[in-house]
Amino acid sequence: MTTSPPAGSPTAGTDAGPDRPDRPASTRPPAPAHTGSRGSRVLGVAALAAVALATLYGLVLSPADVEMQDSVRLMYIHVPTAVFAYVGCFITTVASALWLRKRTPGWDVLAGAGAEIGLVLIVVTLATGSLWGRPTWGTYWTWDARLTSTALLAVMLVGYLALRRLEDDPSSRSARPAVLGLLLVPNVVIVNRSVEWWRSLHQDPTITRLDPQIDGDLLVSLMLGFLATGLVFAWLLIHRFRVGWLEHQAERLDLDAALAARRAEAGAVAGRAGSAEPSGPSGVSGVPA
Amino acid sequence: MDPEGDHYPRNTPGNAMESVVHLHAAVALLGRFPALAGVDLDVARGEIVLLSGANGAGKTTLLRVCAGLVPIVRGEAVVLGHDLRHDPRPVRHRVGLLGHATGLYDDLTVEENVRFWGRAARAARADVEAAMALVGLDGRLRTVAAGKLSAGQRRRTSLACLLARRPELWLLDEPHAGLDADARDQLDQLIVQAVSQGATVVLASHELDRARALAHRTVELVAGTIVPAGGEPAGGEPGAAAGDEPEHGDPAHGWLEHGERARGRHGEGASHVA
Amino acid sequence: MWRDAGLVAQRDLRIELRSRVTTNQVAPFALLVLLLFAFALDPDRGLLERVTPGLYWTAVLFSGLLALGRSAALDEVDGTRDALRLSGLDPAGVFLGKAAAVAAQLLALEALLALGVAVLYDAEPASAVLLLATCVAATAAVAAAGTLYGALVGGFRVRETLLPLVLLPVLAPVLIGATRAFEAALGGAAADGWPWCGLLAGFAIVYSVAGALAYGTLLEDT
């Protein structure tokens with residue numbers, strides 16, 4: 001999974017609740033060495049199984065479509081990834097809104113995870129759509145409403161993630177991406193509507209001309225595609241979230257170390273040999289200038 | 001703000017020891033760096049307090065904290081009766097901060113700058129004009145663009161912006177820097193005058209001789225903590241982490257706690273994240 | 001709030017008047033963009049006339065980015081940002097004031113560009129009401145969204161590159177709508193253009209409200 005540079009940070013003091021009693025560093029439980037858990041392992045196995053089944057059905061067992069021939073098989077990936085990319089964006093927006101309301105760091109981590117996975121899925125959507133377009137229309141790209149607004153969504157996600165990467169001031173880290181994340185879904189809605197309206201003036205063929213009569217094995221393949229994509233999405237999201245959360249926790253521990261170092265510096269300057277205060281976790285890194 | 005124009009509360013005996021600034025074990029972060037690592041400070045109304053300390057000790061941050069610009073992540077902070085941990089914003093219009101940056105728009109003239117900031121703070125027109133006169137920015141200088149002024153003149157313009165607001169708490173960050181001897185005397189006079197009218201002043205300065213003569217008492221700031229004369233650095237207990245644990249409803253809540261229980265049960269050894 | 005907005009708008013416009021950045025730099029840039037399009041698109045084959053609305057609004061968008069960047073920069077300088085927070089000005093008012101000032105500059109720019117387009121591309125205006133309404137609505141939309149996003153990315157060293165990346169996808173509907181409305185107006189089918197104008201107005205309102213609500217939060221980041 002992607003390991004971005006340390007993301008979160010100790011959140012600044014606009015906490016809503018009362019101060020929690022603090023646990024001394026020595027009695028904190030050790031950090032997990034991996035982000036797995038029983039639940040996520042079960043999910044992972046299920047996801048693998050679903051992917052295998054979907055591949056089997058999609059590639060082998062289901063017949064080629066009457067009109068689209070074999071390229072319909074791309075649809076079994078293209079449509080679900082598009083749908084779940086939008087789900088990812090939705091998660092980003094909702095998590096951003098909840099972060100702005102509650103200011104607990106978990107929501108910020110979730111917002112970032114949703115956007116990252118959304119971007120991966122969008123790229124897959126665009127790629128499969130492009131590959132589908134080649135045999136069907138003879139071209140890799142067409143300016144139909146769906147593809148165009150999908151491309152714009154990809155750029156919006158890139159911009160959002162770029163903004164998150166730039167935040168190096170942890171105390172204010174999340175407010176700006178949170179506002180941007182909050183605006184993500186409204187922007188997507190506005191852009192999609194406008195582009196559809198615009199392209200409808202030209203009656204372009206849309207990329208999903210799924211027949212209402214789609215049934216039998218084709219429908220099964222599509223449903224399996226949804227199932228597989230959904231499970232993989234959930235599994236990726238959980239792990240990405242946990243990785244982000246651990247990064248955040250790691251930074252929080254730095255605060256105690258830095259505080260201890262600062263106080264030790266004060267003690268030394270005041271002429272005391274060695275600080276009288278017990279230090280936090282040992283192995284204190286140098287205080288940044 | 002007092003609508004009758006005299007913004008300072010009268011110095012009644014009951015008011016004399018009113019606490020204007022109360023900080024206890026206050027921790028403030030600049031990025032990830034704890035600029036204030038547990039500060040205890042109490043300032044009563046009408047005091048002039050000098051903050052001394054080396055560069056990097058946290059004087060500027062302390063002043064900004066009192067202005068409500070930098071949040072406190074641990075400890076207590078009450079300024080002019082407002083709890084800064086709860087919401088730092090209401091205190092802002094009651095303080096005046098003279099910082100390193102001037103807060104002026106280079107393209108506007110001195111007059112336009114002071115008038116803008118004065119009107120923004122809803123100061124009376126007369127106060128604005130008087131403020132400019134008090135710092136000696138009358139006459140030719142009024143219509144000079146702020147970008148063309150010398151450093152000392154810019155400082156004085158910022159000071160005029162502060163004076164126009166008539167704040168109850170003055171927070172001055174190295175106010176004498178860049179001013180010539182006359183201007184420094186003038187500034188000292190202004191400070192004394194303001195205090196006599198009920199204001200409180202906290203200033204940070206490297207000009208220790210002049211400032212000590214002016215101040216009622218001196219407080220030394222060393223590496224983010226206040227050092228009482230001859231004592232150990234004060235501050236809260238280290239290793240005390242402000243509530244950052246996931247709450248109910250936070251997505252991390254169930255997983256982390258469940259994981260802790262599981263690890264506790266099975267004794268899964270994982271290396272401590274250093 | 002409105003009083004503060006007026007105060008800030010006046011200030012920004014006065015700064016612009018003094019420094020003349022828009023008139024001296026942004027306007028020539030916009031005209032230059034029009035010229036460049038002519039170089040790229042061969043003016044002799046009638047292509048320019050057909051794509052004039054699109055080119056016009058693209059030039060406006062690019063110039064708008066410059067104006068918005070400058071407006072954001074005014075209050076990102078450390079001293080002025082703190083002073084703004086300390087001053088007690090209503091953040092929603094500050095937002096509206098800044099957006100209004102940018103909108104005024106953009107409208108002046110658009111008038112100049114319209115002249116440029118009429119002269120350089122030999123376009124003939126028709127249905128002036130629709131043209132005017134579209135200009136106003138689209139300008140409000142760009143100014144509102146741009147001021148909000150300018151504050152969002154403000155304070156970063158890479159603001160100049162981040163603002164276009166973040167803002168332009170959001171403004172795509174504005175470009176689409178304004179161009180269609182202009183096409184309708186220039187092509188004599190004004191009735192087709194009014195719905196697009198409505199879209200622009202809706203966009204402007206949504207972003208004005210969003211910006212007014214969010215500006216305070218954004219100002220608070222240390």
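Which residue forms a salt bridge with B:Glu168? The partner is B:Arg45, with the closest N and O atoms 3.9 Å apart. A salt bridge here is a side-chain nitrogen of Lys or Arg within 4 Å of a carboxyl oxygen of Asp or Glu.

The model is predicted: local features need pLDDT of at least 70, side-chain atom pairs count only at pLDDT 80 or more, and totals for chains, interfaces and linings use all residues. Residues are numbered from 1 along each chain as its sequence is written, chains are lettered from A and ligands numbered from 1 in the order in which they are written, and side-chain values use heavy atoms, with hydrogens and water left out.

Chain B has seven helices and 10 strands. These elements are DSSP runs numbered from the N terminus, helices being H or I of at least four residues and strands E of at least two. Of the 274 residues in chain B, 57% are buried. Buried means under 20% relative accessible area, exposed means over 50%, and partly exposed lies in between (1.4 Å probe, protein chains only). Among contacts in chain B with a separation of 6 or more, 71% come from residues 24 or more positions apart. Contact means heavy atoms within 4.5 Å.

An open sheet of six strands in chain B follows the order 6-7-8-3-9-10. The pairing is mixed. Two strands pair if DSSP finds at least two bridges between them. Strand 6 (95-98) and strand 10 (225-227) of chain B are the edges, each pairing on one side only. From one strand to the next, the twist averages 25°. Strand 7 (residues 169-173) and strand 8 (residues 200-204) of chain B run parallel and pair over five bridges. In this pair, B:Leu172 stands opposite B:Leu203.

Helix 1 (residues 59-67) of chain B packs on the sheet. This helix touches strand 3 (48-52), strand 6, strand 7, strand 8 and strand 9 (217-222) of chain B. Its direction makes about 155° with that of strand 7 of chain B. Helix 5 (residues 181-196) of chain B also packs on the sheet, touching strand 3, strand 7 and strand 8 of chain B. For helix 5 the angle with strand 7 of chain B is about 160°. Axes are lines fitted to C-alpha atoms, for helices over the stretch in contact, and angles run from 0 to 180 degrees between N-to-C directions.

Salt bridges total 29 over all chains. B:Glu168 lies in the loop between helix 4 and strand 7 of chain B, and B:Arg45 in the loop between strand 2 (33-44) and strand 3 of chain B, so the pair ties together parts 123 residues apart in sequence. B:Glu168 is buried at 10% relative accessibility. B:Arg45 is buried at 6%.

B:Arg115 takes part in two of the salt bridges described here. With B:Glu111, the N to O distance is 3.4 Å. These two residues are four apart in helix 2 of chain B, so about one helical turn separates them. B:Glu111 is buried at 17% relative accessibility, whereas B:Arg115 is partly exposed at 26%. With B:Glu129, the closest N and O atoms of B:Arg115 are 3.3 Å apart. B:Glu129 lies in helix 3 of chain B, so this pair ties together parts 14 residues apart in sequence. B:Glu129 is partly exposed at 24%. A network of salt bridges links B:Arg64, B:Arg92, C:Asp82, C:Arg85 and C:Glu220.

B:Arg155, in helix 4 (residues 151-165) of chain B, is buried yet has no salt bridge. The nearest side chain of opposite charge, B:Asp173, is 6.5 Å away. Lys and Arg count as positive, Asp and Glu as negative; His and the chain ends are not counted. The side chain of B:Arg155 reaches the backbone oxygen of B:Pro175 at 3.4 Å. Beyond neighbours within four places in sequence, the contacts of B:Arg155 include B:Leu98, B:His100, B:Glu174 and B:Leu179.

Backbone angles were also examined. Most residues other than glycine have a negative phi. B:Leu80 has a phi near 50°. This residue lies in the loop between strand 4 (72-79) and strand 5 (82-83) of chain B, and is buried at 6% relative accessible area. B:Arg122 has a positive phi of about 55°. Its place is the loop between helix 2 (110-120) and helix 3 (125-134) of chain B. B:Arg122 is partly exposed, at 48%.

Definitions and conventions:
Polar contact = N/O pair within 3.5 Å; in protein donor to acceptor, adjacent residues only side chain to side chain.
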